[in-house]
Amino acid sequence: MDGGDGLDRTGTRSVKWLTAGVGQHAGRIPLGVADMDLPGFPALFAALRDRLDHHALGYTRADPAARERVARWYARRHAADIDPDWVVLLPFGPRTAVRVVLDAAAAGPAPRGPVLTPTPEYGGFAAVAGAAGRAVREIPLDRTGGVYGLPVDELAGACRRAPGAVVALSSPHNPTGRVWGAAELHALAAAAAGCGGVLISDEVHCEIVHPGRRHVTAVHAAGEFARNTVVVHSVGKAFNVSGLADAFLLVPDADLRRRVVATLEGFGFFEGGRLLGALAQEIALEHGGPWLRSLTAGLTHRRDLIVTRLAEAVPGSVDCVPEASFLLWLSGAAFDGARPEGVAPDAGIREVLLAACGVELTDGSAFGAAGEGYARLNFALPEPVLAEAADRIARFAEKAPGRRSARR
Ligand SMILES: Cc1ncc(COP(=O)(O)O)c(C=O)c1O
């Protein structure tokens, strides 16, 4: 299917389009994997093209100016004072970065504690930690007053019982799109410090914060507990270069930083070193601010479109209006009673909408046990395609037996 205003990803081996089965199933709309069916920052792609004209992509040293560039970006964009020495430039993406931090933390003086993660939560933490043989404990988000919050007391209690615990979360949050507050992040950094552990804050969605909200980076929010805090970041999500982006870390503690670099070396990596990813990072951080403002405006407009349409057609389906990024958390319970033929009565909402409307969402179970019964919808796609997806879901919900649409 064509992207509506021109971004056709057929034949690019896009994970999102392959997962949705676009190609084998005419007309399918992919709303799953978290990258954008929207063009990225033109200057970045122009710089990549220029670099490729050189026809030599050999081993490359990390740019010595890259750490200062990261610090300048944080000062300009997030009003955060970052010491360039805290920056560790990685030759791989954020998911692998989490593994490296886990290993580096475990190589320190504290015992190797469990990984505590609030859920629903981006599944990378549980997957990577589990595969590395670490105990993983999911702690459901707080839902006091109908608003998702970090389960600070439960996480702090779990830290007290588990020396060396690692608290891992995404901030802003994938899947709900919440922008966490400084006080809750400070409390979690304190809890991690209290047990000799680490707070890992994965902030890859922080460059797309919707109007009226402000992202606070965890190393800043942590204050006196910054030494027990690590931020994982990458320009991949915001600039649509997750296929090549290098991640970077902010690691205020010098000992932990040394262990991170030693862990990298243990995997045969050295700092920086992935030429095209490093170039994308350079152009994004040096020049990408104004472009991000227009991207955010476009995504906020799309958020309003999809939230309004779904809230009207399927009351209760919008579980949480996102404050950042391009992900919308939907409650499957709102679709109860709507089952297309041939779909099992206990099928999840992803399966139902795929069969009934040809739209592919990510099933909530990918975000831990607390995500079961939910689904995540990625709205970073051309407006006509998003409008078509919303229409299909609305038409299906209105036709479904036993549905109470707001329009009736
Ligand atoms: C919070 C978060 N971290 C990391 C990633 C992806 O990391 P990677 O590109 O290394 O797979 C995602 C992707 O959705 C994410 O939402």
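## Where the two domains meet

Between domain 1 and domain 2 there are 3 salt bridges, a salt bridge being a side-chain nitrogen of Lys or Arg within 4 Å of a carboxyl oxygen of Asp or Glu. Keep in mind that this is a predicted model: local features need pLDDT of at least 70, side-chain atom pairs count only at pLDDT 80 or more, and totals for chains, interfaces and linings use all residues. Residues are numbered from 1 along each chain as its sequence is written, and side-chain values use heavy atoms, with hydrogens and water left out.

Glu323 and Arg178 join their side chains in a salt bridge, at 3.1 Å from N to O. Polar contacts add to the picture, with 19 residue pairs between domain 1 and domain 2, both residues at pLDDT 80 or more. A polar contact here is a pair of N or O atoms within 3.5 Å; within protein, one must be able to donate a hydrogen and the other to accept it, and residues adjacent in sequence count only if both atoms are side-chain atoms.

## What domain 1 brings

On the side of domain 1 that touches domain 2, α12 (289–313), β9 (318–320), β10 (327–331) and β13 (374–378) each put in at least two residues. Helix α12 gives the largest share, 8 residues. Sorted by class, that side has 21 nonpolar, 6 polar and 5 charged residues; Ala, Val, Leu, Ile, Met, Phe, Trp, Tyr, Cys and Pro count as nonpolar, Asp, Glu, Lys and Arg as charged, and the others, Gly among them, as polar.

## Domain layout

The split comes from an automatic or database domain assignment: domain 1 covers 15–41 + 290–399, and domain 2 covers 56–287. Their contact (heavy atoms within 4.5 Å) takes 32 residues from domain 1 and 30 from domain 2. The C-alpha centres of the two domains sit 27 Å apart.

## The chain as a whole

Counting DSSP runs (helices H or I, at least four residues; strands E, at least two; numbered from the N terminus), the chain has 14 helices and 13 strands. Its C-alpha trace spans about 60 × 55 × 35 Å along the principal axes.

Across the whole structure, a search turns up 20 salt bridges. One of these salt bridges pairs the side chains of Glu207 and Arg77, at 2.8 Å from N to O. Glu207 is in the loop between β6 (198–202) and α8 (218–221), while Arg77 belongs to helix α3 (residues 66–78), so the pair links distant parts of the chain, 130 residues apart.
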